[in-house]
Amino acid sequence: MTRISWIIIGLAYILGLLSTSLLTDAASGLALKQIAVLAGINIGLAIVGAIALRKIQARIWIVAAVVALLAAVYFQVRIPQPQDNDISYQTTQSDRPLVEVTGKVLTEPRLNSSQRLKFWLQATSMNNGESVSGKVYATLPLLQGTGIYPGQELDLTGFLYLPQSANNPRAFDFKQYLARQGIFAGIQGTEASFQSKPQSWGWSQLRQRIVRSHLQGLGSPVGQLVSSMVLGRKAVDLPFEIRDRFIAAGLAHVLAASGFHVSLLLGIVLKLTTRIAAKPRFTIGMGTLMIYLGLTGIQASVLRACLMGFAVLLALTLETKVRPLGSLLLAAAAILLFNPLLIDDLGFRLSFLATFGLIATLPKLQQQLDWLPTTIATIVAIPLAASVWVLPLLCYEFNTLATYSILTNILCTPLITIVSLGGMISGIIALILPPLGSAISSLLFYPATWLIEITKFFTSLPGSTWAVGQIPLGIVLAIYGLFILVWLNQWWQKRWWLGLVLPVILIVTITIHNGFQVQVTVLGTRQAPVIVLQDRGQAILINSGKNKQAKYRVLPFLAQQGINRLDYGLAYDRSNNSAAEWSTIIERVGVGKIFTSESDKVPLTKKTYTGTLPKITTKSLDITMDRDLNLFNIAIADYHWLILNPADNTTQEDLAAKIENYIQQENLAGQHSTIVFSQTIAPIWLELLQPELAIAPNSKITPAIKQILREKQIEFHDPVTEGMIRWTPQQGLRHTEQVLN
């Protein structure tokens, strides 16, 4: 078969895996119906390909379709499943037993966002002798976990639990992420017992030697940043503030060991070995790549780059011309043959797309910029070529766009090159002479500090992160189809600007469409309800949540809805508002006005108002507050949402009188209504209001309330177990699964 034939078959394998990953998850395999859909897609692609490329024999397209279907089956077979004695069977979703687990540490402990050490543990037994199997996601207090290293045997005491799935659309699915790694249980450790002995030399020790050298030469956090830029952020505990700022600025790739670093390293080796014979040069180059791969922990992006680097070394040794696109495809297919589940790894996808962008787009971009000096043209063209190809995927995955990312990348490219190159050189020397490595790394203080300050500047600008809303997969595929047309078709190449303008028009149209809707959303949180009201371009947030709910629940939902500004914030529930959470929300999206009864629950600004909520009127909503009953009344046409906040103790007689009086004043009798509450309420609420729907955590429902719900035939929903609940005037009530479908 020809080279083109192998490229088609390789692409078919990759596309087969990609399409399969979109139709399945780690908890369940492919259904027969889904396989039929895949078969139809692949056969259709084969027919279209055969028509478009008539020079390719029909049998090649048939083989490609078969390979794509086999890839779907292979993907399903490789999905990890728990064994019969897996430790995950020792607990349930509603139980968190205290256990003692014995096992071996598999990964280096790293800090999580709660400042606890996290690592993977291979369980062998529990509760003093009961044999178990399976990996566990373990966390420990920092002081308890000091001295733990990979390969160490330890006894871990803690609470065993089953990871939770995402209960809000497009939120990070922790359960599925762990399941892809073959982990089906977690343990919240309280203490650990292990033998403290010197760690045997290995990759972990070498990494620590480099990190310590950078810290001694540069201090914290600059030293950690340089180590992260050399080895990847998985190799070092980078402060979360710096990590989040780099991600928000569109510089996440800087903190991940990737093809850029491999290219720099290989370039140094080839430059230093110019006068050496071909075979020794090949050996030195391969040795360097293998060492760097081990130091970074065999990350998918580095493995892909090293395989391409191997192709370059082989071509130089054999004195043949290397084909970058073929090398990229071969490297990707080889990695996915070894581990097909990496097709779900966002880092792998971004690395592949960025490299493809450099191969396909960089030469033509440099031609367009030939009026600039060569060095400046290269600095501009490299980040632009890579960014264009990764931005649609980033928008699809995170529903946001780093507004200044391309400009930031262009400005930071020289600094990134200097810091990465200097960090590699100082790291290599630190492996032999740590003091000398530290001295050399100290020269990077100002370039690395400037890099941090540039990211702080751009992420502090208004609109630095722009929410684009949820983009349909079909739109993303259409955008990449346009990019491929511009790359391959001469007609489109002459009109290349259409390949940039049309995607922008599509995304803006979707953002506008998402904003012009009327809906009430109750997010799936364990505390009091967090509610988002949307009314054709206006947005109101009721409660901020606690314990980082703003970061992991509220902000992702606002991004998914394309909300870049909240008109109002209502913080009257004492149990579910926090000044820290509101500060996070204000920093990211901004809030027009915040109303609260307790000033310590929200940041004190010129737009913070304490006291009774005045009437708020939008295009379709009227929001009022009753201080006696401590409730919000959200009126939408002839429908009412009543949000109950914890109220002061009062007698049943007084409460009944107040409720009856309120029903008469607001003319609620016979109206369609929903009642939302987070604390146990008096049954008189349901008896007098008689709502159509009741939304509350199931743990707050007393037997008396359950009886009334049955007698009055009131539909009940629990956002904790059902996930996000959304209501629109047209479609009524839907929970997370319905929204996702």
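# Briefing: surface, aromatic pairs, cores and salt bridges

With a relative accessibility of 37%, Val-501 counts as partly exposed, because that value falls between the 20% under which a residue is buried and the 50% over which it is exposed. The model described here is predicted. Val-501 is found in helix α20, which runs over residues 498–515, and it belongs to a nonpolar surface patch formed together with Trp-496, Trp-497, Leu-500 and Ile-505. The accessible area of that patch comes to about 480 Å² for the five residues together.

**Aromatic pairs**

- Across the whole structure, a search finds 17 aromatic pairs, and one of them joins Phe-356 to Trp-389 in an edge-to-face arrangement, with 4.9 Å from centre to centre and 80 degrees between the planes.
- Phe-356 lies in helix α13 (residues 346–368) while Trp-389 lies in helix α14 (residues 374–398), so this pair ties together parts that are 33 residues apart in sequence.
- Both Phe-356 and Trp-389 are buried.
- A tilted aromatic pair is formed by Tyr-404 and Phe-458, at 6.0 Å centre to centre and with 45 degrees between the planes.
- Because Tyr-404 sits in the loop between β8 (400–402) and α15 (405–432), whereas Phe-458 is in helix α17 (residues 445–460), the pair ties together parts that are 54 residues apart in sequence.
- The partners in this tilted pair fall into separate accessibility classes, since Tyr-404 counts as partly exposed at 26% relative accessibility, whereas Phe-458 counts as buried at 9%.
- Phe-356 and Trp-389 also belong to one aromatic cluster, which they form with Tyr-480, Phe-483 and Trp-487.

**Nonpolar cores**

- The largest nonpolar core has 28 residues, and the members with the most contacts inside it are Leu-533, Leu-570, Leu-613, Ile-634 and Trp-641.
- Once its neighbours within four places in sequence are left aside, Leu-533 is in contact with Gln-519, Val-520, Gln-538, Ala-539, Ile-540, Ile-542, Leu-621, Ile-623 and Ile-634.
- A second core, separate from the largest, has 25 residues, including Ile-659, Ile-684, Ile-701 and Leu-709.

**Strand β13**

- Gly-569 lies in strand β13 (residues 566–571) and, at 0% relative accessibility, counts as buried.
- Not counting residues up to four places away in sequence, Gly-569 touches Leu-541, Trp-582, Val-591, Lys-593, Ile-594 and Phe-595.
- The C-alpha atom of Gly-569 is separated by 47 Å from that of Ser-193, a residue 376 positions away along the chain.
- Asp-567 has its place in strand β13 as well; its relative accessible area of 19% makes it buried, because the limit for that class is under 20%.
- With residues up to four places away in sequence again not counted, Asp-567 touches Gly-537, Gln-538, Ala-539, Gly-592 and Lys-593.

**Helix α7**

- Ten of the ten residues of helix α7 (residues 222–231) are buried, so the helix is largely enclosed by the rest of the structure.
- The cover over these buried residues includes α6 (203–218), α8 (240–248), α9 (259–272), α10 (278–295), α15 and α17.
- Just after α7, Gly-232 takes a positive phi of about 95 degrees.

**Salt bridges**

- A search of the whole structure finds eleven salt bridges, among them one between Arg-245 and Glu-241, whose closest N and O atoms are 3.4 Å apart.
- Arg-245 and Glu-241 are four residues apart in helix α8, which means that about one helical turn separates them; Glu-241 counts as partly exposed, at 48% relative accessibility.
- Lys-551 forms a salt bridge with Asp-244, the closest N and O atoms lying 3.3 Å apart.
- Since Lys-551 is in helix α21 (residues 549–560) and Asp-244 in helix α8, this pair ties together parts that are 307 residues apart in sequence.
- Lys-551 counts as partly exposed at 32% relative accessibility, and Asp-244 counts as partly exposed at 30%.
- Arg-349 forms a salt bridge with Glu-397, with 3.5 Å between the closest N and O atoms, and this pair links distant parts of the chain, as Arg-349 is in helix α13 and Glu-397 in helix α14, 48 residues apart.
- Arg-349 counts as buried at 14% relative accessibility, whereas Glu-397 is partly exposed, with a relative accessible area of 25%.
- Glu-108, Arg-110, Arg-207 and Asp-237 are linked in a network of salt bridges.

Definitions and conventions. Residues are numbered from 1 along each chain as its sequence is written. This is a predicted model: local features need pLDDT of at least 70, side-chain atom pairs count only at pLDDT 80 or more; totals for chains, interfaces and linings use all residues. Side-chain values use heavy atoms; hydrogens and water are left out. Patches are made of residues with over 30% relative accessible area and no salt bridge: like charges are joined within 9 Å, nonpolar side chains (Val, Leu, Ile, Met, Phe, Trp, Tyr) within 5 Å. Accessible areas come from the Shrake-Rupley method with a 1.4 Å probe; for residues, only the protein chains shown count as cover. A salt bridge is a side-chain nitrogen of Lys or Arg within 4 Å of a carboxyl oxygen of Asp or Glu. Helices (H or I, at least four residues) and strands (E, at least two) are DSSP runs, numbered from the N terminus. Buried means under 20% relative accessible area, exposed over 50%, partly exposed in between (1.4 Å probe, protein chains only). Rings of Phe, Tyr and Trp (its six-membered ring) pair if their centres lie within 6.5 Å; planes under 30 degrees apart count as stacked, over 60 as edge-to-face and the rest as tilted. A nonpolar core is a set of buried Ala, Val, Leu, Ile, Met, Phe, Trp, Tyr and Cys residues joined through side-chain atoms within 4.5 Å. Contact means heavy atoms within 4.5 Å.
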